[in-house]
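The following exercises concern charged side chains and their surroundings. Please work through each task before reading its solution.

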Amino acid sequence: MVWRSPFQDSEPEPVVGALRPIESLVSDTTVFLPLAAGGHRKPTALDGLTGEEKWKYDGTYQPDGPDGPVASVPGGFIFPTQGGTVCLAAYDGAERWHDEADSSQGVGITDRYVMLRRTKQERLFQRWTTVRILDSGNAREFWTGQFDSNAVSGPASDGDGLIVVLDNGGTLWALRP
C-alpha cells in the first residue's frame, strides 16, 4: 500500500452490489477527492504516487451533477459548479476553461471530447435539447445542434474523432470534427 485517505465525512449509503466506478476521479497521476473528508474540507487533488495534496478547489462545486459529479479527461477534471461547467488541469488545478452558458444539465465524456446538454421548455409541451461538443483540453467547439426531444444519449467515440449520439426519437447521429 502506498497511501490511503478517507473519501467522505458522512457515513456512506449501504451499497447493494458493486461500488460505483471511480475511474472518473483519476487523471494522469492525480486523484481528485470531490467530497469533504478527513483533513480536507474542500474538493482536493492528491498526488496518486505519494498521497500528498497537490491542490484544492475553492469554487462553488456541485457534487450532485446530473451525469455524475466529476469526469476525468486527459490531463484534467470536468465537473458542474453553480456558475457552469468547469475543467481544471490535473497537475495544478488551473482552470483550463469554464462554460458559463445556463449551467449544463448533462455532461458526457469521450476520449478527448466533452458533450454538454441543456434541455429547455417553452409553453406547455414544447421541449428541445441543445447539444454542444467541445474539445476537452481547450473548450474549442466543433459541433452544436438542437434535438426536438428532451433526451439525448451520452456520446460514444471510436477514438479517432467520430462521435455518435442517439436522440429519444430513435435517430442516430454520427459527428466528426
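**Exercise 1.** In this predicted model, determine what kind of contact the side chains of Glu 53 and Lys 56 make, and classify the exposure of Glu 53 and of Lys 56.

*Solution.* Step 1: the N-to-O distance between the two side chains is 3.9 Å. Step 2: a salt bridge requires a Lys or Arg side-chain nitrogen within 4 Å of a carboxyl oxygen of Asp or Glu, so Glu 53 and Lys 56 form a salt bridge. Step 3: partly exposed covers the range between the 20% and 50% limits of relative accessible area. Glu 53 is partly exposed because its relative accessibility is 48%; Lys 56, at 34%, is likewise partly exposed.

**Exercise 2.** Determine where in the chain the partners Asp 99 and Arg 132 lie, and whether they are buried or exposed.

*Solution.* Step 1: Asp 99 and Arg 132 are joined by a salt bridge with an N-to-O distance of 2.6 Å. Step 2: this pair connects distant parts of the chain, with Asp 99 in strand 8 (residues 95–99) and Arg 132 in strand 11 (residues 126–135), 33 residues apart. Step 3: both Asp 99 and Arg 132 are buried; Arg 132 is so classified because its relative accessibility is 17%.

**Exercise 3.** Identify which residues are joined into one network by salt bridges that share partners.

*Solution.* Step 1: Arg 132 also forms a salt bridge with Glu 141, with the closest N and O atoms 2.6 Å apart. Step 2: Glu 141 counts as partly exposed because its relative accessibility is 40%. Step 3: through shared partners, Asp 99, Arg 132 and Glu 141 belong to one network. The structure holds three salt bridges.

Notes
Residues numbered from 1 in each chain as written. Predicted model: local features only at pLDDT ≥ 70, side-chain atom pairs only at ≥ 80, totals over all residues. Heavy atoms only, no water. Buried < 20%, exposed > 50% of the residue type's maximum accessible area, 1.4 Å probe, protein only. Helix = DSSP H or I, 4+ residues; strand = E, 2+ residues; numbered from the N terminus.
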